[in-house]
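Me: Please take a close look at one part of the structure shown below. Start with the whole and then go to the part, with the cut-offs behind the terms you use.

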Amino acid sequence: IVGILDTAIIENCKNTGNVYGTTSAGGIAGENKGTISQSKNEGNISKVAGVIGKTVNLGGLVGKNSPTAKLINSKNYGGVNSETDTVVNLGGISGIIYNNSIVELCENNGGLNGSAKVITPNEDISIHCNSCTSNNGGNAETADFGELNIGIIYGKFEEK
């Protein structure tokens, strides 16, 4: 729907296409700094194959949910997939979320797949996400290099 949502509002939107990215990619927004509500993603979200970057944020709805962002009452049905990279933050709803961002009433139904040498699973569905659910799991495979932060709701939480 949008690469970077600054201070705007996205409401009642639906993505059905597959999304590929090298930095931040999501079914509704690559990076959310505004408000996304009552939206749905059905497309698969994937890292561009063969390109090695510094940090990749992949989420079913948003790649990166910034400190001022709101992500409310939205659902992901697409798979979120990444091959090995330097650092990959991969989540069913958001690849990475920051403190002071709001994530509530969101649901993940898509499968997760990633690989790295160092894998950090995140199964939190209630600490930084209010009333979120996940109806699917994921797969993390060992690789020769890289770091993978993977979670059914979000891959990584960071203070900022």
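Reply: The accessible surface of the protein is about 7000 Å², and carbon and sulfur atoms make up 48% of that surface. Accessible areas are calculated by the Shrake-Rupley method with a 1.4 Å probe, and for residues only the protein chains shown count as cover. This is a predicted model, in which local features need pLDDT of at least 70 and side-chain atom pairs count only at pLDDT 80 or more, while totals for chains, interfaces and linings use all residues. Residues are numbered from 1 along each chain as its sequence is written, and side-chain values use heavy atoms, with hydrogens and water left out.

Of the 160 residues, 51% count as buried; buried means under 20% relative accessible area, exposed over 50%, and partly exposed in between (1.4 Å probe, protein chains only). The radius of gyration of the protein is 13 Å, which agrees with the value near 15 Å for a compact globule of 160 residues. That radius is taken over C-alpha atoms, and the globule rule is 2.2 Å times the number of residues to the power 0.38. Along the principal axes, the C-alpha atoms fill a box of roughly 40 × 30 × 30 Å. Among contacts with a separation of 6 or more, 82% join residues 24 or more positions apart; a contact means heavy atoms within 4.5 Å.

The protein has 22 strands and zero helices. Both are DSSP runs numbered from the N terminus: helices are H or I with at least four residues, strands are E with at least two.

The part to look at closely is strand E15, residues 87-91, where five of five residues are buried. In a regular strand, side chains alternate between the two faces of the sheet. In E15, Val87, Asn89 and Gly91 point one way, Val88 and Leu90 the other.

E15 has parallel partners. Strand E10 (residues 56-59) pairs with E15 over four bridges, with Val56 opposite Val88. Strand E21 (residues 138-151) pairs with E15 over five bridges, also in the parallel sense, and Leu90 has Ile150 as its bridge partner there. Two strands count as paired if DSSP finds at least two bridges between them.

Within E15, Asn89 counts as buried because its relative accessible area is 2%. Leaving aside residues up to four places away in sequence, Asn89 touches Thr55, Val56, Asn57, Leu58, Gly95, Ile96, Asn149 and Lys156. Of these, Val56 is also the residue opposite Val88.

Asparagines elsewhere can be set beside Asn89. Asn12, in the loop between strand E2 (9-11) and E3, counts as exposed because its relative accessibility is 54%. Asn73, in the loop between strand E12 (70-72) and E13, is partly exposed at 36%. Most residues other than glycine have a negative phi. Asn12, however, has a positive phi of about 55°, and Asn73 has one of about 50°.

The strands that follow these loops, E3 and E13, belong to an open sheet of five strands in the order E3-E8-E13-E18-E20, with parallel pairing. Its edge strands are E3 (14-15) and E20 (133-134), each pairing on one side only. Inside that sheet, E8 (residues 40-41) and E13 (residues 75-76) pair over two bridges, and Asn41 stands opposite Asn76.
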